[in-house]
Amino acid sequence: MNELEFVTTHRRHLHQHPELSLHEYETTQYITDFLTELDVPFERPLETGAIAYLEGNSQHTIAYRADIDALPIFEENDVDFRSQNDNVMHACGHDGHTTALMLFVKRCKAMADKGTLPHNIVFIFQPAEETGGGAHRLIKAKAFENYPIEAVFGIHVNPFSDEGTVVIRDEEITASATEYRFYLTGLSSHVADKEQGHSCGEALQHVLTQVGQIQQFHLNGLKRNIVHMGHFEAGEAINTVPSNGYLEGTIRTYDVDDLTIVKNQMQKIAESVSLLFNVTCEVKFEEGYPPTMNSPKLREPVEQALNNANLEVIDKPTPFLFGEDFSFYGQLLAPAYFVFVGTRNKEKGYVTGLHTSHLNFDEKVLIDVANYYEQLLLNYKEV
């Protein structure tokens, strides 16, 4: 089996059998069967996912990460390897990330067998990137305690840039992701006596308006932020004053100060509701993923490896505004660098975005990823 056949076979098997975050049992079994067949040692610090290790010819240890989970999306691609699990799909390309790392493991095992593996390597097949913070869970479980990792590298497929290109950026490359929820409680009454009630409908209109103005009036217009209202509702019946209301959404920013401004303003909005409408209002926040920070110390080896792999480097002036739990590695484990590998191909129709029901790509780009990983390995020097 040549490498194109390898990545095509494995990626399409994984694509047909997607599993949601923290439920990647069959996926984990597939990966560990592969590692066992190669005679590559691995550990299972969590119920799903695996960490493999190969010893090289130096004291340096570097890590590579692939995420393995899928999304609750019904696939609409008309392909013979379409998802066999209804309403579950690899709509974020994690099947590709996993396959590329599997190919790299195979290459590294061949080097280790020949005694030519330059450095120690940790291969991270991580569960629960989409929800559950699998990276953070692995670190909390002390999964890397026995591995003195000096640097961590990862990739993400990117349907917004063409095949053969890779988007990079020092410092912030993805945003923080924080969820917020407003809970409103008023007093119901019959519509004939509406003045006796305390309407959460009226109060929720106020909350929606004020939250919608945070970006306009309270944040620097030169910075990219998102204050998104995703779902809201109020009321119980057609002829009663609404006694409850609810709003939930997400905040995306790569500046900690901006996040503080948004949260403080939301707290003020919640406090104003009781004064204006005699309705109680509470806002709660659920901290998500911090911004992914790329260590400038790793920029040179990353760029050199990409050039050696014949990939065009595109320097992104501003971060992406979605969250990514690779951020925990750089924050809690070791210097890290995360890049976005282009998969866009207009001729083949590979143009739809991440988290869409038509996401697809040519498996040949996964060989490019393995080439990049290998060049990082061969030219790595302690930073």
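This report describes the overall make-up, helix packing, nonpolar core and selected residues of a predicted model.

## Overall architecture

The protein has 383 residues, of which 55% count as buried. Its secondary structure comes to 10 helices and 14 strands. Along the principal axes, the C-alpha trace spans about 85 × 45 × 40 Å.

Contacts that join distant parts of the sequence account for much of the picture given below. Among contacts between residues at least 6 apart in sequence, 80% join residues at least 24 apart.

## The pairing of α1 and α2

Helix α1 (3-16) and helix α2 (25-38) pack with their axes 11 Å apart, at an angle of about 155°. Because angles over 145 degrees count as roughly antiparallel, α1 is classed as roughly antiparallel to α2. On the α1 side the contact is made by F6, H10, H13 and L14, and on the α2 side by T27, Y30 and F34. By class, this contact has 4 nonpolar and 3 polar residues, with no charged residues.

Two residues with positive phi lie in the loops on either side of α2. L22, in the loop between α1 and α2, has a phi of about 70° although it is not a glycine. Its relative accessibility is 32%, so L22 counts as partly exposed. D39 lies in the loop between α2 and β1 (42-43); this residue is likewise not a glycine and has a positive phi of about 65°. With a relative accessible area of 59%, D39 is exposed.

## The crossing of α8 and α10

Helix α8 (residues 299-308) and helix α10 (residues 364-379) have axes that come within 8 Å and cross at roughly 125°. That angle makes α8 oblique to α10. The crossing is right-handed. From α8, the residues P301, V302, Q304, A305, L306 and N308 take part, and they meet Y372, Q375, L376 and N379 of α10. The residues of this contact divide into 6 nonpolar and 4 polar, with no charged residue.

The buried residues of α8 are R299, P301, V302, A305 and L306. Of these, P301, V302, A305 and L306 also appear in the contact with α10. The spacing along the helix can be read against a general rule: an α-helix has 3.6 residues a turn, so residues three or four places apart point the same way. The buried residues of α8 pack against α10 and also against four strands, namely β5 (151-162), β6 (165-168), β13 (312-315) and β14 (336-344). After α8 comes N310, whose phi is positive, near 60°.

## The largest nonpolar core

In soluble globular proteins, nonpolar side chains tend to be buried together. In this model the largest nonpolar core has 50 residues, and those with the most contacts inside it are Y64, F123, F153 and Y372. Helix α10 supplies the largest share of this core, with 9 residues. Y372 therefore belongs both to the core and to the α10 side of the crossing with α8.

Y64 illustrates how separate parts of the chain meet. Leaving aside its neighbours within four places in sequence, Y64 is in contact with L101, F104, I121, V122, F123, I124, F153, Y373, L376 and L377. Among these partners, F123 and F153 are also named with Y64 as residues with the most contacts inside the core. L376 is a further shared partner, as it also takes part in the contact of α10 with α8.

## Two strand residues: V166 and T280

V166 lies in strand β6. With 0% relative accessibility, V166 counts as buried. Beyond its neighbours within four places in sequence, V166 is in contact with L306, L311, E312, V313, I314, V339, F340 and V341. One of these partners, L306, is among the buried residues of α8. The C-alpha atoms of V166 and Q29, 137 residues apart along the chain, are separated by 31 Å.

T280 is placed in strand β11 (residues 280-287). At 49% relative accessibility, T280 counts as partly exposed, since exposed means over 50%. Outside its neighbours within four places in sequence, T280 is in contact with Y183, L184 and T185. The C-alpha atoms of T280 and F328, 48 residues apart along the chain, are separated by 36 Å.

Notes. Residues are numbered from 1 along each chain as its sequence is written. Side-chain values use heavy atoms; hydrogens and water are left out. Axes are lines fitted to C-alpha atoms, for helices over the stretch in contact, and angles run from 0 to 180 degrees between N-to-C directions. Angles under 35 degrees count as roughly parallel, over 145 as roughly antiparallel, 65 to 115 as roughly perpendicular and the rest as oblique. A crossing is left-handed if the near helix is turned anticlockwise from the far one by less than a right angle, and right-handed if clockwise. Contact means heavy atoms within 4.5 Å. Ala, Val, Leu, Ile, Met, Phe, Trp, Tyr, Cys and Pro count as nonpolar, Asp, Glu, Lys and Arg as charged, and the others, Gly among them, as polar. A nonpolar core is a set of buried Ala, Val, Leu, Ile, Met, Phe, Trp, Tyr and Cys residues joined through side-chain atoms within 4.5 Å. Buried means under 20% relative accessible area, exposed over 50%, partly exposed in between (1.4 Å probe, protein chains only).
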